[in-house]
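Colleague: I am new to this structure and would like a close look at a single part of it. Could you take me through one helix and what surrounds it, in a connected account?

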Amino acid sequence: EFRRVLYPIAYAMPGVDHGHYEDPFNTLHKISHNMTLLGFIACYTSLIFVLNSLSIVITYMLSSVWHAILDNFRPVFVWISSLIIFYLVSSGTAGEEWTWPASYVQLLGTVVLLFGTAVYNGSVALPGLEDGEPLKETLLPSEGSKASASPRASIPQLGLNSSPVLAKNVMRVASGRLSR
């Protein structure tokens, strides 16, 4: 870990933290003598544990793509929470203020993220992108394979591991609604 390398270097460097750039002994002293700080650290550690546990479940139940999509939404929730804290909770003493142009760039990024997720989910169709002919070759069993006659049996876990658009297209090909 980098802490084992960087902490001794930061401790050896001169600085304003008791003569060091970073003083881990002072940090441990502050944590051990401040119950509020210790509570925040325990809360943060617990929330990170829950976040990582749910990330594993999401990857298992859906896919790593959904895990990546939800990871990208984390900054959006932090930003929205900061705005709510600034305007509704703290009366402007904490949180983030709406500024020009940074807040508009963040809003545009949020819209792009939501739109991309909607396209991946199949909620929004893009012109020029029709249902997938190339997909049937790689996702369906070959004509000579010993696959079951049921389309669902030949595509295990399709609903859990694929995009909804991909799943819909493969099921349509498997049931014969698209030409082979």
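Modeller: Let me begin away from the main subject, in the loop between α1 (2-12) and α2 (24-32), where H18 has its place. In this model, which is predicted, the phi of H18 is near 55°, a positive value in a residue other than glycine. Most residues other than glycine have a negative phi, and most peptide bonds are trans.

The part to look at closely is helix α4, which covers residues 64-89, and I will take its two helix partners in turn. With α3, helix α4 packs at an angle of about 145°, and the axes of the two are 8 Å apart. On the α3 side the contact is made by L51, S55, I58 and T59, which meet S64, W66, H67, L70 and R74 of α4. Sorted by class, the residues of this contact between α3 and α4 are 4 nonpolar, 4 polar and 1 charged.

The largest pocket also involves these two helices, since α3 (35-61) and α4 are the elements that give two or more residues to its lining. About 360 Å³ of space lies in this largest pocket, and 15 residues line it, with L51, L54, S55, L70 and R74 lying nearest its centre. Helix α3 provides the largest share of that lining, with 8 residues. Taken by class, the lining of the largest pocket has 11 nonpolar, 2 polar and 2 charged residues.

Turning to the other partner, α4 packs with helix α5 (residues 102-121) at an angle of about 155°, and their axes are 11 Å apart. Because angles over 145 degrees count as roughly antiparallel, α4 and α5 are therefore roughly antiparallel to each other. The crossing in which α4 passes α5 is left-handed. From α4, the residues that make this contact are V65, W66, I69, N72, F73, V76 and W79, while α5 brings S103, Q106, L107, T110, L113, L114, T117, Y120 and N121. This contact of α4 with α5 counts 10 nonpolar and 6 polar residues and has no charged ones, whereas the contact of α3 with α4 includes 1 charged residue. W66 of α4 appears in the contact with α3 and also in the contact with α5.

Finally, the loop between α4 and α5 holds P101. The peptide bond that leads from W100 to P101 is cis, with omega near -10°.

Note on methods
Residues numbered from 1 in each chain as written. Predicted model: local features only at pLDDT ≥ 70, side-chain atom pairs only at ≥ 80, totals over all residues. Heavy atoms only, no water. Axes fitted to C-alpha atoms, helices over the stretch in contact; angles between N-to-C directions. Helix = DSSP H or I, 4+ residues; strand = E, 2+ residues; numbered from the N terminus. Parallel < 35°, antiparallel > 145°, perpendicular 65-115°, else oblique. Left-handed = near helix turned anticlockwise from the far one by under 90°. Contact = heavy atoms within 4.5 Å. Nonpolar A, V, L, I, M, F, W, Y, C, P; charged D, E, K, R; others polar. 1 Å grid on protein atoms, 1.4 Å probe; cavity = no way out; pocket = protein on both sides within 12 Å on 5 of 7 lines; lining within 4 Å. Points joined across faces, edges and corners; volume = space filled by probe spheres on them.
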